[in-house]
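Welcome, and thanks for taking a look at this one with me. Please have your viewer open as you read.

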Amino acid sequence: MDSGFDINANYFTDLGIDFKQLLYFVVVAEHMNFSKAAAVLYVTQPLLSQRIAALEKALGCQLLIRGHRGIQLTPAGEVLMEKAREIITLTNDLTSAVRRAASTSHPEGELNIAIEQMLPDSLLTSAVLSYKQDFPRVVFNLFSQPERKVLQQVETDMLDIGILPMSSKRLGPDIVERVVGKDILCFVAAERLLKESSLQEFVWLANRFPTIALEGNNYCTEHILRIYAQLGIAHDFHFCLSLRDLFMQLECGMGVTLLPSRHLPHLAQRGMASCELSCIPAADVPIAAYWREDAQNTLIPSFAASLTDLLSQRPEYME
């Protein structure tokens with residue numbers, strides 16, 4: 001049967017378009033604001049602007065009108081918005097259908113997964129719910145643990161998968177590392193300590209108050225040190241044993257900290273002010289999944305692929 005397609009043609013790449021560009025365009029068009037779209041997508045605003053400009057160049061037409069009051073879609077942009085949404089929906093449907101068809105080869109199984117305690121719970125729970133739609137008989141055991149414990153249990157095969165910020169620790173050659181997304185660190189402190197939520201004000205505060213950090217959370221401490229070196233802040237750390245203790249000390253105005261951006265909606269309700277550090281490369285925190293290359297659990301690669309797909313197609317799960 002003739003499909004109507006030239007099997008030798010690569011339509012997207014011939015035009016210089018990829019799936020991620022369409023996704024970026026849809027998010028920008030939905031928010032009508034580059035800054036908000038960049039935050040949702042966990043990319044920098046300049047990078048997002050470059051990707052949209054490249055898309056316009058590839059299609060040979062203007063898609064967005066940029067003005068002081070925001071952005072508007074051109075007629076061509078409105079058409080692309082409609083068609084791009086259809087492509088994204090069809091891609092999601094295709095992925096789900098193929099996995100359902102493949103589920104007969106792995107109808108049952110169990111996955112033990114831990115997420116580093118500073119990362120968004122929604123990253124893991126959303127991935128599990130999505131995966132169980134295609135593999136409903138898979139049983140999950142989920143944990144939230146410190147970075148060191150997650151890596152140790154992956155290396156000793158006590159966990160199937162560990163999800164945590166990309167580790168600077170040298171891991172064994174039998175450990176697989178796959179980047180699945182990223183988060184952005186933000187300054188956070190009690191609102192009453194600040195005149196305004198500006199970077200300059202937070203730098204002033206960090207030079208006068210201790211920086212509250214989570215004990216054993218090496219990746220965050222390493223990022224804070226790099227950021228402080230760039231901003232000229234003399235660090236004075238005070239370590240807490242739990243995230244709950246850290247939040248209480250922040251609320252009492254005992255210091256300042258840097259946290260992944262997903263905590264901001266929760267902390268705003270507790271009288272916290274924040275400042276996103278999207279202008280500082282060291283504030284970008286890549287998130288990775290880790291597992292043993294010689295693991296016998298055949299569900300591991302498919303779950304890792306599902307997690308990566310979910311975050312590339314629906315980056316709001318990182319909020």
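What follows is a short tour of a predicted model, taken topic by topic.

## Helices

Let's begin with helix α6, which covers residues 121-134. Its 14 residues span 21 Å from the first C-alpha to the last, close to the 20 Å expected at 1.5 Å a residue. Which residues of α6 are buried? They are Leu-123, Leu-124, Ser-126, Ala-127, Val-128, Tyr-131 and Asp-134. It helps to recall that an α-helix has 3.6 residues a turn, so residues three or four places apart point the same way.

Now turn to α2 and α3, whose axes come within 8 Å and cross at roughly 130 degrees. That angle falls short of the 145 degrees above which a pair counts as roughly antiparallel and lies outside the 65 to 115 range for roughly perpendicular, so α2 and α3 are oblique to each other. The crossing of α2 past α3 is right-handed.

## Two residues with positive phi

Most residues other than glycine have a negative phi. Two residues here are worth a click for that reason.

Met-32 is not a glycine, yet its phi is positive, at about 55 degrees. You will find Met-32 in the loop between α2 (19-31) and α3 (34-41), the two helices that cross at roughly 130 degrees. Is Met-32 buried, partly exposed or exposed? With a relative accessibility of 30%, Met-32 counts as partly exposed.

Asp-157 also has a positive phi, about 65 degrees, without being a glycine. Asp-157 belongs to the loop between α7 (147-155) and β5 (161-165). Its relative accessible area is 46%, so Asp-157 is partly exposed.

## Strands and their partners

Strand β1 (residues 64-67) and strand β2 (residues 70-73) pair in the antiparallel sense, with 4 bridges between them. The connection from β1 to β2 is a hairpin of 2 residues. If you want a bridge to look at, Ile-65 is partnered by Gln-72 in β2.

Strand β11 (residues 284-292) is another good stop. Why can β11 be called largely enclosed by the rest of the structure? Because 8 of its 9 residues are buried. β11 pairs with β5 in the antiparallel sense over 4 bridges, and Leu-164 has Ala-288 of β11 as its bridge partner. β11 also pairs with β6, again in the antiparallel sense, over 9 bridges. There, Asp-183 has Val-285 of β11 as its bridge partner.

## Aromatic rings

How many aromatic pairs does the model hold? The count comes to 7. One of them is Phe-187 with Phe-202: the ring centres are 5.4 Å apart and the planes are at 10 degrees, so this pair is stacked. This pair links distant parts of the chain, with Phe-187 in strand β6 (residues 175-190) and Phe-202 in helix α8 (residues 199-206), 15 residues apart. Both Phe-187 and Phe-202 are buried.

Phe-237 and Phe-239 are stacked as well, because their centres lie 5.5 Å apart and their planes are at 20 degrees, below the 30 degrees that sets the limit for stacking. Phe-239 is partly exposed, with a relative accessible area of 39%. Finally, ring pairs join Tyr-131, Phe-135, Phe-140 and Phe-303 into a cluster. Tyr-131 is one of the buried residues of α6, which brings the tour back to its starting helix.

Terms used:
Residues are numbered from 1 along each chain as its sequence is written. This is a predicted model: local features need pLDDT of at least 70, side-chain atom pairs count only at pLDDT 80 or more; totals for chains, interfaces and linings use all residues. Side-chain values use heavy atoms; hydrogens and water are left out. Buried means under 20% relative accessible area, exposed over 50%, partly exposed in between (1.4 Å probe, protein chains only). Rings of Phe, Tyr and Trp (its six-membered ring) pair if their centres lie within 6.5 Å; planes under 30 degrees apart count as stacked, over 60 as edge-to-face and the rest as tilted. Two strands pair if DSSP finds at least two bridges between them. The expected span of a helix is 1.5 Å times one less than its number of residues. Axes are lines fitted to C-alpha atoms, for helices over the stretch in contact, and angles run from 0 to 180 degrees between N-to-C directions. Angles under 35 degrees count as roughly parallel, over 145 as roughly antiparallel, 65 to 115 as roughly perpendicular and the rest as oblique. A crossing is left-handed if the near helix is turned anticlockwise from the far one by less than a right angle, and right-handed if clockwise.
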